[in-house]
Amino acid sequence: MSPKLKKTRVLPGFQLSLGYTIFYLSLLVLIPLSMLFFKTATMGFPDFWEAVSSPRTLAAYRVSFSAAFIAAGINVVFGFLVAWVLARYSFPGKKIIDAFVDFPFALPTAVAGIALTTIYAPNGWVGQYLEKFGIQGAYSFLGIVIALTFIGLPFIVRTVQPVLEDLDPEIEEAAACLGANQLQSFMKVIFPILLPPLLTGFTLAFARAIGEYGSVIFIAGNMPMKTEIAPLLIMTKLEQYDIAGATAIASVMLIFSFALLAGTNFLQWLSSKRIGME
Amino acid sequence: MLTPVKSLSAKTTRSTLGRTESGPVKWVLIAIALVFLAFVLLLPLACVLTTALNKGLAVYFKSIQDPNALSAIRLTLLTALVAVPLNMIFGIAASWAIAKFDFRGKNFLLTLIDLPLSVSPVISGMIFVLIFGAQGLLGPGLIEHGIKVLFAPPAIILATIFVTFPMVARELIPVMKAQGSEEEEAAITLGASGFKTFWLVTLPNIKWGLLYGVILCNARAMGEFGAVSVVSGHIRGQTNTLPLHIEILYNEYHFTAAFAAASLLAMLAIVTLIAKSLVEAGMHRQIQLSQSDNGEK
């Protein structure tokens with residue numbers, strides 16, 4: 001690569017492209033989003049607090065956060081396994097399976113929602129067997145976790161897989177030469193390298209799951225206080241023309257999402273720094 | 001030309017020591033992964049297709065050709081046809097500014113561009129209610145002039161643009177960064193106009209990345225549910241997109257018709273995945289070609 005000289009002004013179109021970028025970004029993202037905070041700021045603290053701290057809202061937050069957390073946890077375990085298998089082994093049909101991992105990204109959430117509900121309903125393909133064990137698949141908290149697991153899987157696989165593929169074989173060879181067995185080499189050499197991407201994937205899946213709506217509302221049963229997720233509560237308030245209440249709940253969720261986004265950026269910065277040091 | 005192939009074979013032959021798990025362990029791990037994937041991914045796909053066809057092909061085609069279904073398909077296509085090109089133009093402008101120039105606040109700009117991806121779909125729709133609703137910022141003025149934005153196609157398109165906003169830009173920026181700007185600089189120095197340089201030098205270099213972003217953007221634009229659901233008003237035959245049409249049919253217990261419509265979107269998802277793999281292969285080929293070009297120089 002040639003050294004970066006003062007090349008900023010050789011190419012044309014800087015002002016035009018940056019100007020258009022900022023204009024389009026402001027018009028379609030920043031101004032609409034700022035409306036949310038503007039509306040929240042004008043509603044007065046007592047109203048805000050009443051909307052945000054009502055038992056029903058707190059229950060919805062609890063359902064959303066705990067289901068998203070559990071689903072992301074399940075995906076860390078199985079997503080890691082899938083990434084490992086795809087990155088290190090070869091077997092027939094691997095390319096197709098690799099492409100198929102992105103299916104939850106490509107499938108519209110409403111379609112995922114009705115399909116999962118049908119599968120896990122008491123008379124569904126899987127639901128009827130769960131029923132025999134007294135487990136309710138669809139229309140329960142478990143249903144929410146199932147939908148969020150489906151949604152979150154690609155996030156973990158796609159953050160861990162490239163790191164695994166780039167792993168230098170020499171590291172493990174060195175470990176083996178120094179007498180480590182495979183378990184030791186995994187625990188002490190490979191796993192520490194994979195920890196940042198696993199955490200990043202977890203955060204991405206978690207963040208997506210908290211806001212998820214389409215795939216969850218069909219399978220959740222939507223009982224207030226029990227299986228009602230926060231995005232659905234926002235929707236309900238909007239339909240009742242309680243725009244202030246909806247705004248308050250939404251702004252709390254949004255602040256949390258931004259905190260998670262900042263967290264992922266920090267994690268990625270951390271792991272890129274680490275690679276730079278090696 | 002031989003370099004990539006050589007390095008590839010070197011990689012496969014040397015990775016034996018301490019790297020391969022014993023046969024049984026390997027196959028057990030593969031089996032668990034495949035069973036998990038079949039359970040989580042394949043089952044829903046199979047469910048959509050079998051439920052859609054469980055009353056036969058005649059019923060299937062009848063429910064797809066229902067006037068409400070057709071109008072939902074039309075609105076979905078219209079939405080994608082407006083939203084995707086707009087986000088594509090934005091993606092090209094943003095990646096040109098970000099990949100080719102250095103300026104302060106670049107990382108902050110990148111974060112802002114990615115922002116819509118971390119907003120819940122319901123909130124993405126709601127912010128347009130805050131602007132265009134009857135109690136919203138512009139709502140009363142619009143009502144006075146008889147312009148309908150909310151509960152009409154314009155709001156559906158706006159919400160879709162918001163949700164898919166960064167999808168072309170975030171694919172294109174790394175591709176353009178990796179290309180560098182030497183080729184463009186050469187063209188400009190030799191007297192080509194800015195537009196000509198972009199058309200003849202940049203575009204051929206980024207075509208795969210651009211296509212990749214457009215495919216992903218289109219899939220999301222056609223399938224978006226939450227954001228569109230908030231702003232659409234669910235007027236049958238008028239403001240229903242395909243995902244909303246599915247929801248209504250499903251909630252009215254027209255399961256076969258709901259899954260028939262859903263199968264269209266499931267097929268769109270499969271086509272998206274295939275197109276994505278093909279484009280990835282094309283991208284890979286282009287990288288290898290440019291690497292071997294550099295090697296010959």
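This passage describes two leucine residues of chain B and a helix pair formed between chains A and B in a predicted model.

Helix 13 of chain B spans residues 242-251, and B:Leu242 is part of this helix. The relative accessible area of B:Leu242 is 5%, so the residue is classed as buried, the limit for that class being under 20%. Leaving aside residues up to four places away in sequence, B:Leu242 is in contact with B:Ala72, B:Ile73, B:Thr76, B:Ala261, B:Leu264 and B:Leu265. B:Gly282 lies 40 residues from B:Leu242 along the chain, and a distance of 31 Å separates the C-alpha atoms of the two residues.

Helix 13 of chain B also pairs with helix 6 of chain A, which comprises residues 109-120; the two axes come within 9 Å and cross at roughly 30 degrees. Because angles under 35 degrees count as roughly parallel, helix 6 of chain A and helix 13 of chain B are assigned to that category. On the chain A side, the contacts between these helices involve A:Ala110, A:Val111, A:Ile114, A:Thr117 and A:Thr118. Their counterparts in helix 13 of chain B are B:Pro243, B:Ile246 and B:Tyr250.

The second leucine, B:Leu86, is located in helix 4 of chain B, which covers residues 67-100. With a relative accessibility of 31%, B:Leu86 is partly exposed, since this class lies between the limits of 20% and 50%. Together with B:Leu78, B:Leu81 and B:Val82, B:Leu86 makes a nonpolar surface patch of about 330 Å². Thus B:Leu242 is buried, whereas B:Leu86 is partly exposed.

Note on methods: Residues numbered from 1 in each chain as written. Chains lettered and ligands numbered in written order. Predicted model: local features only at pLDDT ≥ 70, side-chain atom pairs only at ≥ 80, totals over all residues. Heavy atoms only, no water. Patch = residues over 30% accessible without salt bridge, like charges linked within 9 Å, V, L, I, M, F, W, Y side chains within 5 Å. Areas by Shrake-Rupley, 256 points an atom, 1.4 Å probe, with all protein chains shown as cover. Salt bridge = Lys/Arg side-chain N within 4 Å of Asp/Glu carboxyl O. Helix = DSSP H or I, 4+ residues; strand = E, 2+ residues; numbered from the N terminus. Buried < 20%, exposed > 50% of the residue type's maximum accessible area, 1.4 Å probe, protein only. Contact = heavy atoms within 4.5 Å. Axes fitted to C-alpha atoms, helices over the stretch in contact; angles between N-to-C directions. Parallel < 35°, antiparallel > 145°, perpendicular 65-115°, else oblique.
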